[in-house]
Amino acid sequence: MGRLFVISLEGNIYRCKHCHTHFALLDHLISRSFQCKYGKAYLFDRVVNVTLGEKEERAMLTGMHTVVDIFCVGCGSIVGWKYEAAEQKRQKYKEGKFIIERFKVLGPDGSSYSLSQDAQLGGSDTDEP
């Protein structure tokens, strides 16, 4: 295996709850109003230190989207997904953006987020930009 290249961020950082690898800055957060099947999810315009999975079509609450899962480069855990394409015109703003599932990261203040008892079991995302 080759040498791991990891970018260190400065400021208010979201990072992996398992290995503390940096993912995103609070400044790159677009929305906290998204949902995944396990609870809250955040939309970011930029993330680092992730690898991309295979493209797939996924049915979500807001329609069909082409997405790729994103994985932590430090420990390999899945932390969310990237929107590659959206079928509906009003969902196009998501293209090229990243969802990070809140329960899989530590927040800028070091806080973690637990799985909620009332977590949604269906699709994911919301209509709110």
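This passage describes the strand arrangement of a predicted model and the setting of one loop residue within it.

In the predicted model, an open sheet is built from 6 strands, which follow one another in the order β3-β4-β8-β7-β6-β5 with antiparallel pairing. The edges of this sheet are occupied by β3 (29-36) and β5 (50-60), each of which has a single partner strand, so that one side of each remains without a neighbour in the sheet. When direction is ignored, neighbouring strands of the sheet are turned against each other by 30° on average.

At the edge formed by β3, this strand pairs with β4 (residues 39-44) in the antiparallel sense, and 5 bridges connect the two. Together, β3 and β4 make up a hairpin in which 2 residues lie between the strands. Within this pairing, S31 has L43 of β4 as its bridge partner.

Elsewhere in the sheet, strand β6 (residues 63-72) and strand β7 (residues 78-86) run antiparallel and are joined by 7 bridges. One of the positions in this pairing is H65, which stands opposite A86 in β7. The loop between β6 and β7 contains S77, and this residue has a relative accessibility of 19%. Because residues under 20% relative accessible area are classed as buried, S77 counts as buried at this value. When residues up to four places away in sequence are left out, the contacts of S77 comprise C16 and H18 together with I70, F71 and C72.

Terms used. Residues are numbered from 1 along each chain as its sequence is written. This is a predicted model: local features need pLDDT of at least 70, side-chain atom pairs count only at pLDDT 80 or more; totals for chains, interfaces and linings use all residues. Side-chain values use heavy atoms; hydrogens and water are left out. Two strands pair if DSSP finds at least two bridges between them. Helices (H or I, at least four residues) and strands (E, at least two) are DSSP runs, numbered from the N terminus. Axes are lines fitted to C-alpha atoms, for helices over the stretch in contact, and angles run from 0 to 180 degrees between N-to-C directions. Buried means under 20% relative accessible area, exposed over 50%, partly exposed in between (1.4 Å probe, protein chains only). Contact means heavy atoms within 4.5 Å.
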